[in-house]
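Me: I've got a structure here and I'd like to quiz you on it. Could you take me through it in plain language?

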Amino acid sequence: MIFNPISHIKGEINLVGDKSISHRAIMLSSISNGNSYIENFLMAKDCLSTIDCFRKMGVDININKDKSVSVKGVGLRGLKRPHGQLDVGNSGTTIRLLMGILAGQNFEANLIGDSSIAQRPMKRVTDPLRKMGAKIIGKDDANFVPITIHGGQLKGIDYIMPIASAQVKSSIILASLYASSQTRIVEKVKSRNHTEIMLKEFGANINVIDNEIYINQVEKLYGQNIYVPADISSASFFICAASMLKGSEILIKNVGLNPTRTGILEVLSQMGGNFEVLNKKVVCGEIIGDLLVRYSKLKAIQIGKELIPKLIDEIPIIAVLATQCEGTTVIKDASELKVKESNRIKSVVLNLKAMGADIEELEDGMIINGPCKLKGTKIDSFNDHRIAMAFSIAALVADKDTCIDNFDCIDISFPEFTDILRKVSY
Ligand SMILES: O=C(O)C1=C[C@@H](OP(=O)(O)O)[C@@H](O)[C@H](O)C1
Ligand SMILES: C=C(OP(=O)(O)O)C(=O)O
């Protein structure tokens with residue numbers, strides 16, 4: 001796909017639903033009693049993989065004409081042994097959260113995924129689930145798919161998170177719904193908390209005190225009506241485009257503004273960005289609001305530690321933004337980037353170098369000297385949706401056309417991206 005330089009972006013946009021919340025909405029609705037209705041669900045490949053897995057375990061999930069989803073919950077103990085393998089496709093969130101639920105079932109299930117999933121580590125989930133009593137076998141001591149998980153009677157655990165990961169935390173929380181005793185999870189650095197928020201809405205016995213999470217068994221969860229806010233990770237491409245292109249002004253409606261996800265706004269604020277949050281409210285336990293973003297001259301900043309989990313998926317687009325900032329931006333403590341859909345440190349550094357940026361690769365991040373006029377060139381998406389979209393935004397501020405290979409991989413999280421970008425481009 002070819003992207004041309006543009007002058008600015010302008011307009012009002014409604015974006016697709018949050019990916020993390022959409023996955024959780026399907027999972028919790030499936031294991032609840034009664035019907036659930038999910039509005040603004042993200043119809044993208046990753047979330048469709050989650051739907052597919054739960055349908056294979058006997059859950060009646062209907063995608064309505066207006067793209068909402070209706071789920072007939074089967075209850076905590078009502079999932080059926082799947083016919084054949086559960087294929088999670090490209091989705092790390094699907095496999096890791098699903099393993100937590102499967103750990104509590106009284107049947108065996110086989111999990112597979114695509115070639116990217118086959119390289120992503122699962123020991124981080126296998127280890128705590130085994131401690132709870134699940135039997136898990138798979139490649140390299142069940143670090144990689146294919147993985148077979150045989151659930152059973154689980155017990156609660158006391159778990160200090162060795163890494164900041166919402167997928168690991170959520171997997172343990174979901175398994176704890178089936179455990180005979182209390183689980184306590186301690187997070188050194190807080191990761192996204194959508195599972196905790198949504199479980200409370202569904203009637204689970206879950207309490208969060210500072211960085212500690214306590215989960216106790218309940219007999220049942222109750223189906224809900226869920227509204228999925230626009231995904232701040234998808235919004236970030238437009239937030240950064242507006243911030244970099246002189247004369248831009250974009251209004252993004254109903255964006256999820258959960259503080260565990262708004263690292264991009266903290267970064268933009270420190271860089272001297274120009275944005276406002278309007279119509280802030282709480283819906284289904286999640287903070288949402290409209291974001292009005294305008295162009296501004298930006299300065300470089302340092303990004304590390306506590307901020308990283310709040311913007312982990314936004315680092316590729318933040319690196320692009322940093323090339324337009326005055327001074328040296330340092331991104332560190334981000335080695336988790338190496339185990340995403342691609343090694344995102346390498347994918348970003350290689351592609352930004354190709355565009356002529358002054359960038360140095362670090363073991364756990366990167367250093368970027370700006371500002372720099374980027375050069376249009378050939379970009380390797382590494383089949384990674386976030387890389388493809390980040391570099392399509394880099395292309396907007398480049399000197400000439402940029403060609404991005406395998407751009408279709410954006411269907412993983414944001415199929416409407418190109419259409420929306422085209423509508424607001426001038
Ligand atoms: O829980 C989630 O929905 C997610 C957690 C993050 O992964 P980690 O838990 O591996 O940090 C993030 O990168 C991913 O896109 C979605
Ligand atoms: C890392 C991502 O997703 P997942 O881990 O669910 O594959 C992402 O969407 O950037």
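Me: Let's start with strand 23: which residue there is the bridge partner of I379?

Reply: Strands here are DSSP runs of E with at least two residues and helices are runs of H or I with at least four, both numbered from the N terminus. Strand 22 and strand 23 (residues 402-404) run parallel and are joined by two bridges, and two bridges is what DSSP must find, at least, for strands to pair. In strand 23, I379 has as its bridge partner I404.

Me: Before we go on, what kind of model is this?

Reply: Residues are numbered from 1 along each chain as its sequence is written, and chains are lettered from A and ligands numbered from 1 in the order in which they are written. Local features need pLDDT of at least 70, side-chain atom pairs count only at pLDDT 80 or more, and totals for chains, interfaces and linings use all residues, as this is a predicted model.

Me: Back to that sheet. What is the order of its three strands?

Reply: The sheet is open and its pairing is mixed. Strand 1 (2-3) and strand 22 (378-379) each pair on one side only, so they're the edge strands. Reading across, the order is 1-23-22.

Me: Helix 12 lies across those strands, but at what angle does it run to strand 23?

Reply: Angles run from 0 to 180 degrees between N-to-C directions, with axes fitted to C-alpha atoms (for helices, over the stretch in contact). Helix 12 (residues 385-396) lies across strand 1, strand 22 and strand 23. Its angle to strand 23 is about 170°.

Me: There's an open sheet of four strands too. Which are its edge strands?

Reply: This sheet has mixed pairing and the order 4-5-3-14. Each edge strand pairs on one side only, and the two are strand 4 (60-63) and strand 14 (225-227).

Me: And which helix packs on that sheet?

Reply: Strand 4 runs antiparallel to strand 5 (residues 69-74), joined by four bridges, with I63 opposite V69. The helix touches strand 3 (33-39), strand 4, strand 5 and strand 14, where contact takes C-beta atoms, placed from the backbone, within 7 Å of each other. Its direction makes about 35° with that of strand 5, and its name is helix 1 (residues 19-30).

Me: How many bridges join strand 16 to strand 17?

Reply: Strand 17 (residues 286-294) has an antiparallel partner in strand 15 (residues 249-256), over six bridges, with V255 partnered by G289. Strand 16 (residues 274-283) is also antiparallel to strand 17, and F275 stands opposite V293. The bridges between strand 16 and strand 17 number eight.

Me: Now ligand 1: which helix gives the most to its shell?

Reply: A residue is near the ligand if its C-beta atom, placed from the backbone, lies within 6 Å of it. The residues around ligand 1 include S20, T93, R192 and D313. With three residues, the top contributor is helix 6.

Me: How many residues of that shell are charged?

Reply: Asp, Glu, Lys and Arg count as charged; Ala, Val, Leu, Ile, Met, Phe, Trp, Tyr, Cys and Pro as nonpolar; and the others, Gly among them, as polar. The shell has two nonpolar residues and five polar ones. Its charged residues number three.

Me: Why does D313 count as buried?

Reply: UniProt's unreviewed entry marks D313 as "active site"; such positions use the numbering here, feature names are shortened, and annotations may be inferred rather than shown by experiment. D313 lies in the loop between strand 18 (302-303) and helix 10 (315-322). Buried means 20 or more other C-beta atoms within 10 Å, exposed means 12 or fewer, and partly exposed is in between, with C-beta atoms placed from the backbone. D313 counts as buried because its C-beta neighbours inside 10 Å number 24.

Me: Last one: is Q167 buried or exposed?

Reply: Q167 lies in helix 6 (residues 166-176), and the unreviewed UniProt entry lists Q167 among its "binding site" positions. Not counting residues up to four places away in sequence, Q167 touches G92, T93, R96 and L97. Q167 has 22 other C-beta atoms within 10 Å, so the word for Q167 is buried.

Conventions:
Two residues are in contact if their C-beta atoms, placed from the backbone, lie within 7 Å.
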